[in-house]
Amino acid sequence: MAKTYIAGVGMTKVGRHYEKGFKELSLEAIDKALKHAGIGINEIDYLLVSSAFPELTLHQSDIATILAQELGIKVRALRVDAGEASGAAAVALGNDLIRLGRVRTVLVAGVEKMSEYPSAQANAAYSSILDYEYEGVRNVSLVNYAAMTLKNYMERYGVSREEVFKWAIKMHENALTNPYAYLSFKVSLKRMMDSQIMSDPITTYDAFPICDGAAALVMVEESVASTLDGKPVELLDYEAINSEPPYLRGELTELPATRKAFKKLSKRTGIVVDEETAIQVHDSFSIYGLLALEALGLAGKGKALEALDNMPYLNHGGGLKARGHPVGATPLYGLAELTLLMQNSYPGLNYSRDISLLHTMSGHDNSSWLIVLRR
Amino acid sequence: MLKNSISIFWRKRSNYYRIKLTKCRKCGRISYPARERCPYCGSNDVEHIDSSGHGKILNYTVSYYRREGDAENMPRIVALVRLDEGVVIPAEIVDSSPEEIKEGMEVEAVLRRLNSDDPYGLIYYGLKFTPVLNK
């Protein structure tokens, strides 16, 4: 079976882009990715667009066809939606199409515009990743689950409110060297302790910021990769699985889908990850970043905060917390940051391991996706 | 952002105006709400049972997170309630200030306004929970 490579990546700076729409942002990321890959747009066989809320925030369905029209290309174009994991799902699908020999080059573009409306409307759109009929209508949002989870975690493992901000502090520090990060500034612990409560005990410094962004990947088959001048990174494998809704699980402080997906993936590929492996975890809320490390076996239960100090390549771009979380694009940002790291072209970091891992999930581990890169 | 729909809400009225549970005849587990498949094992050999609407607060959070249409009743108290049938349900707690709420507190279902489009729009009603005071 053919192997899949990531030949090029492109990102736009995450932020509130009032002067740019989804087309402008996407085109910017796509042009960068094509240039990085050394491939022309007319060599693309398939356009996959990951976006979670275009109908709600942009009045736009069939965003892939609209984007193909904007690009002036005639290709197979498809939008992929898997909530917050949309970008990973699009990459996984592109990988399958290449491996099956259906296509040789796939352009994956992820885009989200969350700042077109006041926060309450962005929050309503984001809350739609939960089950509207049973959770949404009852006024339950993801931050509420995250809050109850953090509460349980702090009580059970004797972790203080102050200690949990260690995650955000590390993410803000990591974002300092990421030219595409939204919140690339240091934040004092005092400012965090005084920050606004979103859902007690979660404050704004435990949560991702509302933002816009677009990121793109050019994925190619092995025979194409071998003709390129750059240093394509192999997409070794991926795995994904879903869980019951959080209220049916009995335990909030575990991410069962992440754990199961990783078990399957590591059994199949034989990969081993440790604290020095480059890993991107889904920290929409800091507590989820901590639980992801525990589900991936990188820290014992209740011990993730202690493990942070020894993880130089964890969310090196600042994670969802500080790089930002333009939802449909987020996993592509993570993969782009990992690709650059593995090509040794990420500013300020040298990485020598053969593999890196992306974790992303939608909601409270409602679905979890893992993608392994290898050089 | 789309507004509330009459049909989306109406067809689920048995879940909104009462608390219906799914009991699986295959794996034996009970879950909320009434579904056609067991969310644990996927079996369609299920029956629907009524909950007493009585339970205890298992976990809760005081939420200032505002979604469109949430202008009233802020902050909200969002909880996980363990019903007497042993099933956990996500629910809003009303008629109490945050300081009065405690884990383990007995609560019961009451019919309340869930949300509305705007001051002149469609209103959804459904069950929330209130502390049981006069025991």
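## A two-chain predicted model, starting from helix 4

Helix 4 of chain A is mostly covered, with 12 of its 14 residues buried. Buried here means under 20% relative accessible area, exposed means over 50%, and partly exposed is in between (1.4 Å probe, protein chains only). Helices (H or I, at least four residues) and strands (E, at least two) are DSSP runs, numbered from the N terminus.

Some ground rules: this is a predicted model, where local features need pLDDT of at least 70 and side-chain atom pairs count only at pLDDT 80 or more, while totals for chains, interfaces and linings use all residues. Residues are numbered from 1 along each chain as its sequence is written, chains are lettered from A and ligands numbered from 1 in the order in which they are written, and side-chain values use heavy atoms, with hydrogens and water left out.

Back to helix 4, which covers residues 86-99 of chain A. Among its buried residues are A:Ser86, A:Gly87, A:Val91, A:Asn95, A:Leu97, A:Ile98 and A:Arg99. How far apart should its ends be? At 1.5 Å a residue (times one less than the number of residues), the 14 residues should span 20 Å, and the end C-alpha atoms are indeed 20 Å apart. Just after this helix, A:Gly101 takes a positive phi of about 80 degrees.

Now the whole of chain A. It has 15 helices and 11 strands. Its radius of gyration is 19 Å, close to the 21 Å that the globule rule gives for 375 residues, so chain A is as compact as a globular protein of that length. That radius is taken over C-alpha atoms, and the rule is 2.2 Å times the number of residues to the power 0.38.

Chain B has 2 helices and 8 strands, and from the N terminus on its elements run α-α-β-β-β-β-β-β-β-β. Here are some values for each chain; a contact means heavy atoms within 4.5 Å, and accessible areas come from the Shrake-Rupley method with a 1.4 Å probe, where for residues only the protein chains shown count as cover.

| Item | Chain A | Chain B |
|---|---|---|
| Buried residues | 66% of 375 residues | 46% of 135 residues |
| Contacts (separation of 6 or more) from residues 24 or more positions apart | 78% | 47% |
| Exposed area | about 12800 Å² | about 7100 Å² |
| Box of C-alpha atoms, along the principal axes | roughly 55 × 45 × 40 Å | roughly 45 × 40 × 25 Å |

On to charges, with Lys and Arg counted as positive and Asp and Glu as negative, leaving out His and the chain ends. Each charge is placed at NZ of Lys, CZ of Arg, CG of Asp or CD of Glu. In chain A, the mean positions of the 38 positive and 44 negative charges are 2 Å apart. Chain B has 22 positive and 18 negative side chains, and the centres of those sets lie 6 Å apart.

Finally, some backbone oddities. Most residues other than glycine have a negative phi, and most peptide bonds are trans. A cis peptide bond joins A:Asp200 and A:Pro201, with omega about 10 degrees; A:Pro201 sits in the loop between strand 5 (197-199) and strand 6 (202-203) of chain A. Another cis bond joins B:Tyr32 and B:Pro33, with omega about -10 degrees, and B:Pro33 lies in the loop between strand 2 (30-31) and strand 3 (46-50) of chain B.

Where in chain A is A:His59? It is in the loop between helix 2 (54-58) and helix 3 (63-71). Phi of A:His59 is near 55 degrees, a positive value, and this residue is exposed at 59% relative accessible area. A:Asp62 is found in the loop between helix 2 and helix 3 of chain A, has a phi near 45 degrees and counts as partly exposed at 44%.
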